[in-house]
Amino acid sequence: MKYMDYMERQEIKDRILESTAKSIAEDLLEGRRVHVNGQKWGFQDVLDEVKQGDDIDAVLSLLYQSRDDKKGRQTAVTSCKQMIDNAAYSIGKYLADAAYKQEQEDFSIDRYEENQAYAHH
């Protein structure tokens, strides 16, 4: 029974983190700044993430080579958009996980301080 409870809690946590990651990614893609654990993130961070990827050179090359080919250009634009979306999600996932971990640490500290206060009475 405990295993099932654990799995259910884990599934809920995973859904919350996934939803939070998508929400953060959406904010970044819409140009809004995101603040997590004292750090500020924005669309420029998404572009920086894209630049670090291995596919950027291939997509830029395809964009250039297909400048006169409407179908090829559309494929390149779609690939570029997908890279940006993936980078935003990657950052969103990282920030959602970081926020969750910080919340868990804060909760542990609060419980520790509460137990210490109780122990001194």
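## A walk through a four-helix chain

Let's start with the order of things: read along the sequence, the pattern is α-β-β-α-α-α. That adds up to four helices and two strands in the chain. Keep in mind as you look around that this is a predicted model.

Before zooming in, here is the overall picture. The chain has 121 residues, and 21% of them count as buried. About 9400 Å² of the chain is exposed, with carbon and sulfur atoms supplying 52% of that area. Now take the contacts between residues at least 6 apart in sequence: 61% of them join residues at least 24 apart.

Next stop, the inside. The largest nonpolar core holds 21 residues, and the ones touching the most other members are L28, V34, V46 and L95. Several elements chip in here: helix 1 (2-29), strand 1 (34-36), helix 2 (43-52), helix 3 and helix 4 each supply at least two residues of this core. Helix 4 gives the most, with eight residues.

L28 is a good place to see how this plays out. Setting aside neighbours within four places in sequence, L28 is in contact with V34, W41, G42, F43, V46, A88 and I91. Two of those partners, V34 and V46, are also on the list of core residues that touch the most other members.

Now slide over to helix 4, where you'll find I84. Its relative accessible area is 17%, so I84 counts as buried, the cut-off being under 20%. Beyond its neighbours within four places in sequence, I84 is in contact with L29, F43, V46, L47 and V50. You can also look from I84 to D48: they are 36 residues apart in sequence, and their C-alpha atoms are 9.8 Å apart in space.

A87 belongs to helix 4 too. With a relative accessible area of 5%, A87 is buried as well. Once neighbours within four places in sequence are left aside, its contacts are V46, E49 and V50. The C-alpha atoms of A87 and G53 are separated by 8.8 Å, although these residues sit 34 places apart along the chain. Notice V46 coming back: it turns up among the contacts of L28, of I84 and of A87.

From there, head to the loop between helix 3 (56-65) and helix 4 (70-119), which is where S66 lies. Is S66 buried or exposed? It is buried, with a relative accessible area of just 3%. A polar atom of the S66 side chain lies 3.5 Å from the backbone oxygen of L63. Further along the sequence, leaving out neighbours within four places, S66 is in contact with G72, R73 and A76.

Two other residues to look up are R67 and Y64. The charged end of R67 sits over the ring of Y64, 4.0 Å from the centre of that ring. As for rings meeting rings, the structure holds one aromatic pair.

Finally, visit the loop between strand 1 and strand 2 (39-41), home of N37. What is the sign of phi at N37? It is positive, about 50 degrees, even though N37 is not a glycine. That catches the eye because most residues other than glycine have a negative phi. N37 is partly exposed, with a relative accessible area of 44%, whereas S66, in its own loop, is buried.

Note on methods:
Residues numbered from 1 in each chain as written. Predicted model: local features only at pLDDT ≥ 70, side-chain atom pairs only at ≥ 80, totals over all residues. Heavy atoms only, no water. Buried < 20%, exposed > 50% of the residue type's maximum accessible area, 1.4 Å probe, protein only. Polar contact = N/O pair within 3.5 Å; in protein donor to acceptor, adjacent residues only side chain to side chain. Contact = heavy atoms within 4.5 Å. Phe/Tyr/Trp six-rings, centres within 6.5 Å; stacked < 30°, edge-to-face > 60°. Lys NZ or Arg CZ within 6 Å of the ring centre and 35° of its normal. Core = buried A, V, L, I, M, F, W, Y, C linked by side-chain atoms within 4.5 Å. Areas by Shrake-Rupley, 256 points an atom, 1.4 Å probe, with all protein chains shown as cover.
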